[in-house]
Amino acid sequence: MENKVTYQARQSGKILLNANESGENLSAEMMEKVIEALKNTAFNRYPENTQKKLREAYAAVAGVNADQIIAGNGSDQLLGYLIGKLAGVEGTIYTFDPDFSMYDYYASSYGSQVIKYPCDEDGSLDIDSFIRYGNDQKADLVIFSNPNNPSGHCLSMEEVETVIQGFDGTPVIVDEAYIEFADETSAVALIEKYPQLYVTRTLSKAYGLAGMRVGFAIGQKKNMDALREGYVPYALSTPAMEIACAVLSDPDAVQKRIEEVKVERKKMLEALKQMKQLTVYDSQANFIYGRTEQRKRLCAILEEEGIVIRLYGDGNTFRITVSTSQENSLLMEAFHRFEGEKQ
Ligand SMILES: Cc1ncc(COP(=O)(O)O)c(C=O)c1O
């Protein structure tokens with residue numbers, strides 16, 4: 001049990017910029033829709049277990065057929081399921097360093113080993129070298145987030161395709177939890193060509209539904225049919241599916257929020273890049289990754305302001321969520337204080 005990776009639940013705080021959630025709750029108008037949907041819910045019955053209505057609603061968003069989708073209790077559940085199915089017990093999982101910590105968590109629960117390819121400080125990498133090393137290590141499964149969590153770096157669809165081709169039939173999972181915030185396009189367009197490709201998506205980030213736990217895995221129909229066998233029958237509750245369908249029925253509201261986050265991200269990056277006491281990297285997600293030699297001092301200031309951000313290990317890196325303009329302004333005030341104070 002020494003290698004068991006534990007997951008630390010988030011801390012509570014006044015301004016939570018540590019989990020890349022949407023800073024805004026559903027609009028009052030959407031809340032009305034949600035309440036209406038819940039009034040018609042049979043709470044006494046088990047959920048519809050084929051998830052048909054939800055899969056159809058998301059199929060229209062993803063541009064695939066509903067039979068190419070499995071819905072899960074957050075994309076986390078599907079990532080765990082896919083890792084177990086595709087890498088198998090004691091398989092070798094190949095990913096980036098840094099990348100999403102839950103890959104280690106699930107791998108450790110299956111006894112799989114995780115091999116990591118070290119990315120540059122800004123999250124970029126030499127794709128050919130990544131492929132060479134992964135093949136040398138005999139990877140059973142390649143998995144990475146795109147855009148990358150935590151760096152915010154995003155591979156182009158062409159680069160993703162180069163990776164898929166470089167592993168000659170080995171399953172590849174592209175975790176697109178943040179793709180809605182990216183300028184690059186989704187790897188879903190490659191699914192028809194590559195049976196070994198699986199893409200995961202979530203409603204927790206751009207759609208503002210982290211609390212409902214709704215995510216998706218997308219792949220070729222025959223693969224998804226195979227995955228449906230052995231999948232937990234009632235992965236999603238009826239309210240979760242109803243609420244997800246209500247939110248998916250208003251794509252304009254979601255798009256508006258995405259555009260707002262992108263504007264905020266640009267503004268914050270410009271200001272943070274002026275600061276001498278830290279380095280930040282361009283991001284295609286709803287967060288910004290950075291490093292500072294003065295992390296302790298930064299944390300003390302943020303703590304005083306009741307702001308919670310994500311820290312990595314004992315080093316000098318941090319990640320901040322791009323939230324509402326109001327919360328971002330408070331964060332930036334704290335950063336300005338950090339920059340202005342004597343070391
Ligand atoms: C890269 C990445 N993938 C997947 C997830 C899981 O999202 P959820 O389980 O809420 O769908 C997260 C959550 O932070 C993430 O950062």
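**Two domains and a buried strand**

Good morning. Domain 1 and domain 2 of this chain bury about 2000 Å² between them, and 53% of that area lies on carbon and sulfur atoms. I begin with that figure because the size of an interface is often given as the accessible area lost when the parts come together. Please keep in mind throughout that this is a predicted model.

Let me first set out the two domains. The domain assignment gives domain 1 as residues 15–24 + 252–340, and domain 2 as residues 28–250. Their C-alpha centres are 25 Å apart. To the contact between them, domain 1 contributes 23 residues and domain 2 contributes 24 residues.

Which three residues supply the most of the area that domain 1 buries against domain 2? They are V254, Q284 and Y289, which together account for 30% of that area, more than any other three residues. There is also a charged component: the rule finds 2 salt bridges across the interface of domain 1 and domain 2. Elsewhere in my notes I have a salt bridge between K262 and D183, in which the closest N and O atoms are 3.7 Å apart.

I turn now to strand β5, which covers residues 141–145. Is this strand mostly covered or mostly open? It is mostly covered, with 5 of its 5 residues buried. The side chains point in two directions: L141, I143 and S145 go one way, V142 and F144 go the other way, and all are buried.

What are the pairing partners of β5? One of them is strand β3, residues 92–97, which pairs with β5 in the parallel sense over 2 bridges. Within that pairing, Y94 has V142 as its bridge partner in β5. Another is strand β6, residues 172–175, where the pairing with β5 is again parallel and runs over 4 bridges. Here F144 stands opposite V174 of β6. To recall the directions, V142 and F144 point one way from β5, and each has now appeared in a pairing, V142 with Y94 and F144 with V174.

The route from β5 to β6 passes through helix α6, residues 157–166, and these three elements make a right-handed β-α-β unit.

The loop between β5 and α6 deserves a closer look. P147 lies in this loop, and the peptide bond leading from N146 to P147 is cis, with omega near 0°. P150 lies in the loop between β5 and α6 as well. A cis peptide bond joins N149 to P150, and there omega is about 25°.

Following the chain past the helix, we come to the loop between α6 and β6, where D168 is placed. The phi of D168 is near 45°, a positive value in a residue other than glycine. Is D168 buried or exposed? D168 is exposed, because its relative accessible area is 72%, and the cut-off for exposed is over 50%.

R213 also has a positive phi, of about 60°, although R213 is not a glycine. This residue lies in the loop between β7, residues 197–202, and β8, residues 215–218. Its relative accessibility is 27%, so R213 counts as partly exposed.

To close, I return to two points. The two domains of this predicted model bury about 2000 Å² between them. Strand β5, for its part, has 5 of its 5 residues buried and pairs in the parallel sense with β3 and with β6. Thank you for your attention.

Conventions. Residues are numbered from 1 along each chain as its sequence is written. This is a predicted model: local features need pLDDT of at least 70, side-chain atom pairs count only at pLDDT 80 or more; totals for chains, interfaces and linings use all residues. Side-chain values use heavy atoms; hydrogens and water are left out. Buried means under 20% relative accessible area, exposed over 50%, partly exposed in between (1.4 Å probe, protein chains only). Two strands pair if DSSP finds at least two bridges between them. A crossover is right-handed if, with the strands pointing away from the viewer, the path from the first strand over the helix to the second runs clockwise. Domain bounds come from an automatic or database domain assignment. Contact means heavy atoms within 4.5 Å. Buried area is the accessible area (1.4 Å probe) that two parts lose on being put together, summed over both. A salt bridge is a side-chain nitrogen of Lys or Arg within 4 Å of a carboxyl oxygen of Asp or Glu.
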